[in-house]
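Student: I would like to go through this structure and ask why things in it are called what they are called.
Tutor: Then ask for the reason each time, and we will set the values against the cut-offs.

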Amino acid sequence: GQEVRITFGGVSMLPLIRGASDTIRLRPLRDGEEPAIGDVCLFVIEGHHIVHRLLRRKGDIYIFRGDNCYRHEQVRRQDILARLTTVEHRDGTVVSTDSEAWHKASRRVVRRRNIKNTILRLGNRQKRKVYAVVYFILLALLMWAPVGGLGIPLEAKIGRASCRERV
């Protein structure tokens, strides 16, 4: 029921919170207080205490994900213990999670993570392997395609003098 200050561990919230070097402050949620979408919260899942960002809510299920993670965690309201209030970096800077700078950086990180996750979801693992093979075949064809085949005279690129000297 009291505010706590702990050293953050892990890399799940990179780049905004660095594990083993940043200290975070957490404030317990009051009775009836609901965490807002985008809040970073402390919750308990399968006996582990985790600090991740709230992405969305489906009924009475809250869906969290670390900023540097692919997978989601689903918890109920009673498992959410506290909300992040400040981050103290090793260099001494203190960032409030209510500041505009934090909100701007958070939006940027979440957007970037969503783009990465979309790319990862292009298909299952087998499809991604096929995409990679096709990509590298096309890349190889472009690398080794003759310059003259693209409609550019070879002499224009190398120079006539060097062509005559070699012949």
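Tutor: Start with a cut-off: a residue is buried under 20% relative accessible area, exposed over 50%, and partly exposed in between. Keep in mind that this is a predicted model.

Student: Why does Arg18 count as partly exposed?
Tutor: The relative accessibility of Arg18 is 37%. Partly exposed covers the range between 20% and 50%, so Arg18 belongs there.

Student: Arg18 meets Asp22 in a salt bridge. What makes this pair a salt bridge?
Tutor: The side chains are 3.6 Å apart, N to O. The cut-off is a side-chain nitrogen of Lys or Arg within 4 Å of a carboxyl oxygen of Asp or Glu, so the pair qualifies.

Student: Is Asp22 buried or exposed?
Tutor: Asp22 has 0% relative accessibility. Buried means under 20%, therefore Asp22 is buried.

Student: How do you know that Glu88 and Arg5 meet in a salt bridge?
Tutor: Their side chains come to 2.8 Å, N to O, and the limit is 4 Å. Glu88 lies in strand E7 (residues 80-88) and Arg5 in strand E1 (residues 4-7), so the pair, 83 residues apart, links distant parts of the chain. Glu88 is called buried because its relative accessible area is 15%, and the cut-off is under 20%. Glu88 and Arg5 also belong to a network of salt bridges with Glu3 and Arg25.

Student: How many salt bridges does the whole structure hold?
Tutor: The search finds 13. One of these joins Arg27 and Glu33, at 3.0 Å, N to O. Arg27 has a relative accessible area of 16%, under the 20% limit, so Arg27 is buried.

Student: What makes Val130 eligible for a surface patch?
Tutor: Val130 sits in helix H2 (residues 125-144). Its relative accessible area is 44%, so Val130 is partly exposed. A patch takes residues with over 30% relative accessible area and no salt bridge. Val130 forms a nonpolar patch with Val133, Val134, Ile137, Leu138 and Leu141, with about 540 Å² of accessible area together.

Student: Which residues of the largest pocket lining count as nonpolar, polar or charged, and how many of each are there?
Tutor: The lining divides into 5 nonpolar, 3 polar and 3 charged residues. Lining residues include Trp102, Ser106 and Arg107; Trp counts as nonpolar, Arg as charged, and Ser falls among the others, as polar. Helix H1 gives the largest share of the lining, 5 residues. About 170 Å³ of space lies in this pocket.

Technical notes
Residues numbered from 1 in each chain as written. Predicted model: local features only at pLDDT ≥ 70, side-chain atom pairs only at ≥ 80, totals over all residues. Heavy atoms only, no water. Patch = residues over 30% accessible without salt bridge, like charges linked within 9 Å, V, L, I, M, F, W, Y side chains within 5 Å. Areas by Shrake-Rupley, 256 points an atom, 1.4 Å probe, with all protein chains shown as cover. Helix = DSSP H or I, 4+ residues; strand = E, 2+ residues; numbered from the N terminus. Buried < 20%, exposed > 50% of the residue type's maximum accessible area, 1.4 Å probe, protein only. 1 Å grid on protein atoms, 1.4 Å probe; cavity = no way out; pocket = protein on both sides within 12 Å on 5 of 7 lines; lining within 4 Å. Points joined across faces, edges and corners; volume = space filled by probe spheres on them.
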